[in-house]
Amino acid sequence: MVKNKPQEHKIFAGNGSAELGKKIGEFFGQGLGGIKLQKFSDGEMAPYYTESIRGANVFLIQSTHAPSDNLFELCLMIDAAKRASAYKVIAVLPYFGYARQDRKDKPRIAIGAKLVANILTAAGADRIMTCDLHAGQIQGFFDIPVDHLDGSAIFVPYLRALNLDNLLFASPDVGGVKRTRSFAQHFNAEMVVIDKHRKRPNEVAEMRIIGNVEGKNVVLVDDLVDTGGTLCKAAKIIMEEGATSVRAVCTHPVLSGKAYENIENSVLEELVVTDTIPLAQESEKIRVLTVAELFSKAIKNITTDGSISQLFI
């Protein structure tokens, strides 16, 4: 009786996550596979594998910030892997772009997160792995398995090591209450909510705190930080209400526009982020924690049919 040949497992990284992919490969215990990206003068991309992937489980690591390039590069990588007879193609998106467009919040608008889910599935992905989606229900946009990793596994140990007393967690909006409550429960701490009203994207018109922050060391919790305007304004109001200190933990450092300037000039003690998106520049107020070990463990558990939920804290 001939036994089935065990599957090979190969990890590749796109240009948007080259450094993170390298770290994940090191934690996993093997280097990244060979892939090259040919680029034409008009911007067209043509990624191709420089080694055989026939019959292999192929993990493709690519965050889709700057999605015009990185999302499409990922789709081409998926298509190339399917055409090269990969056994399974697992798209690993540490940061899932377009996640903020998860519903129709005004008439005649696209649901970008659902469209991206359709595109990745149509490209040929057999499975998706990501971290801290803007809204957990985005997993339901896919008809293929989704492994949704939890960034609290990175942040909670860091916050514990700070040994802060009178700890209080704050959600920067109503939508982040569930995420913030989860953090608060780990520390048996209370939480408050920032009620905000926007006139237009990236611009907050009105903001107020629901709860008491006086004498507390406050930690703002969010899935991403974009321009930093909302976060910095929330931190300012928290300090004006009598807090002892305020810092923020945000998984995905999108950091566009004047974000670095806003953070440097803010009352934030520090902004703690992960490397799901590489920083455009360094800042004394921004501390980066790596998700490489978390993703490498998740990949290893998939290859051994192990549990992903055991990686949560």
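A contact here means heavy atoms within 4.5 Å of each other. Keep that in mind as you show the whole protein chain: of its contacts with a separation of 6 or more, 61% are between residues 24 or more positions apart.

You're looking at a predicted model, where local features need pLDDT of at least 70, side-chain atom pairs count only at pLDDT 80 or more, and totals for chains, interfaces and linings use all residues. Residues are numbered from 1 along each chain as its sequence is written, and side-chain values use heavy atoms, with hydrogens and water left out.

**Whole chain**

Switch to cartoon view and you'll find eight helices and 14 strands; these are DSSP runs (helices H or I, at least four residues; strands E, at least two), numbered from the N terminus. Now trace the C-alpha atoms: along the principal axes they span about 70 × 45 × 35 Å. Colour by burial next, and 50% of the 313 residues count as buried (under 20% relative accessible area, with a 1.4 Å probe and protein chains only).

**Helix H2**

Select residues 67-83, which make up helix H2. Its 17 residues should span 24 Å at 1.5 Å a residue (counting one less than the number of residues), and the end C-alpha atoms are 23 Å apart, so the two agree.

Show side chains for the buried ones: Asn-70, Leu-71, Glu-73, Leu-74, Cys-75, Met-77, Ile-78 and Ala-81. What do the buried residues of H2 pack against? Add strands S1 (9-13), S2 (35-39), S3 (45-49), S4 (57-61) and S5 (88-93), plus helix H3 (112-123), to see those partners.

Last stop: click Ser-85, just after H2, which takes a positive phi of about 70°.
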